[in-house]
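Student: I keep meeting words like "buried" and "salt bridge" and I'd like to see how they are earned. Can we go through an example together?
Tutor: Sure, let's put it up and take your questions one by one.

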Amino acid sequence: MREAATADNRPYHHGDLRRALIDAARRLLENEGPTALSLRAVAREAGVSPAAPYHHFKDKGELLDAVAHEGWDLLNELMTEARARQTSVRDKLTALGVAYVKFARDNPALYRVMYDCSRDKENLPEHLHADNDSAYCQVRDTLVEAGASPLDETELELATTAAWCAAHGLAEMVAFKQFDHLKVAMGGEEAFLRGVFEHMGIFGHAHTD
């Protein structure tokens with residue numbers, strides 16, 4: 001898993017306590033699940049006193065919000081990298097979807113926390129629509145690059161939402177064993193994902209040649 005490679009597994013000794021607590025929370029989420037997460041458990045995982053987390057987070061909810069924000073940042077990064085590796089617009093769109101699904105597969109607990117925190121607030125994070133390098137804006141901008149009109153804001157937002165929902169739905173279903181034969185037939189999971197996205201019709205009337 002990506003976070004297993006990036007999160008510091010050593011007990012906290014000095015430096016950025018907030019960073020150490022978030023890393024510890026991510027490790028607990030992926031290794032033991034959301035039910036194991038508490039400020040006391042995070043403090044123990046980070047190697048600090050039980051009171052230390054309260055210097056940065058008033059409760060578990062605030063810590064989860066910070067973890068979720070980091071999840072969105074990581075998703076943005078992975079989708080940026082995937083998009084940059086492609087040359088054609090069609091391949092960029094497909095790569096964005098594949099990167100999204102692979103992120104959800106590789107970080108299942110983090111992915112769930114990202115959406116659970118948003119559901120609790122009945123609102124996706126503000127930066128998702130505001131920051132030009134966000135995952136959502138990358139999909140929107142690639143659709144514009146593919147020929148969608150930036151002047152028809154409603155149509156563009158609907159197209160972006162459709163693409164986002166397609167990726168989210170596939171992320172929820174990709175692990176089902178009913179698709180194993182397709183993965184084998186197509187030469188692996190990534191080829192299967194690309195094939196599904198290319199059959200979804202998310203390109204609309206965009207000029208993707």
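Student: Let's begin with Glu198. Why is Glu198 called partly exposed?
Tutor: Keep in mind that this is a predicted model. Glu198 has a relative accessible area of 37%. Buried means under 20% and exposed means over 50%, so at 37% Glu198 is partly exposed.

Student: And what makes Glu198 and Arg194 a salt bridge?
Tutor: Their closest N and O atoms are 3.8 Å apart. The rule asks for a side-chain nitrogen of Lys or Arg within 4 Å of a carboxyl oxygen of Asp or Glu, so the pair passes. Both residues lie in helix 11, 4 residues apart, which is about one turn of the helix. Arg194, at 23% relative accessibility, is partly exposed too, because 23% falls between the 20% and 50% limits.

Student: Which other salt bridge has its two residues in one helix?
Tutor: Look at Arg19 and Asp23, both in helix 2 (residues 17-32) and 4 residues apart. Their closest N and O atoms are 2.9 Å apart, so they meet the 4 Å limit.

Student: Are Arg19 and Asp23 buried or partly exposed?
Tutor: One of each! Asp23 has a relative accessible area of 8%, so it is under the 20% limit and counts as buried. Arg19 comes to 31%, so it lands in the partly exposed range. The two also belong to a network of salt bridges that links Arg19, Asp23, Arg26 and Glu70.

Student: What about a salt bridge that joins distant parts of the chain? How do you know that Glu190 and Lys102 form one?
Tutor: The closest N and O atoms of Glu190 and Lys102 are 3.1 Å apart, so the pair is within the 4 Å limit. The pair links distant parts of the chain: Glu190 is in helix 11 (residues 189-198) and Lys102 is in helix 5 (residues 89-106), 88 residues apart. Glu190, at 41% relative accessibility, and Lys102, at 28%, are both partly exposed, because both values sit between 20% and 50%.

Student: How many salt bridges does the rule give in total?
Tutor: The count comes to 15.

Student: Now Asn76. What makes its link to Ala135 a polar contact?
Tutor: A polar atom of the Asn76 side chain lies 2.8 Å from the backbone nitrogen of Ala135. The cut-off is 3.5 Å between N or O atoms, so the distance fits. Asn76 sits in helix 4 (residues 60-84). With 7% relative accessibility, under the 20% limit, Asn76 therefore counts as buried.

Student: Why is Val89 called buried?
Tutor: Its relative accessible area is 13%, so Val89 is under the 20% limit. Val89 lies in helix 5. Val89 and Glu145 are 56 residues apart in sequence, and their C-alpha atoms are 7.1 Å apart in space.

Student: Which residues make up the negative surface patch?
Tutor: Asp152, Glu153, Glu155 and Glu157 form it. Take Glu157, in helix 9 (residues 153-173). Its relative accessible area is 46%, so Glu157 is over the 30% that a patch residue needs. Asp and Glu count as negative, so the patch is called negative.

Student: And the protein as a whole?
Tutor: It has 11 helices and 0 strands. Of its 209 residues, 44% count as buried.

Terms used: Residues numbered from 1 in each chain as written. Predicted model: local features only at pLDDT ≥ 70, side-chain atom pairs only at ≥ 80, totals over all residues. Heavy atoms only, no water. Patch = residues over 30% accessible without salt bridge, like charges linked within 9 Å, V, L, I, M, F, W, Y side chains within 5 Å. Areas by Shrake-Rupley, 256 points an atom, 1.4 Å probe, with all protein chains shown as cover. Charge placed at Lys NZ, Arg CZ, Asp CG, Glu CD. Buried < 20%, exposed > 50% of the residue type's maximum accessible area, 1.4 Å probe, protein only. Polar contact = N/O pair within 3.5 Å; in protein donor to acceptor, adjacent residues only side chain to side chain.
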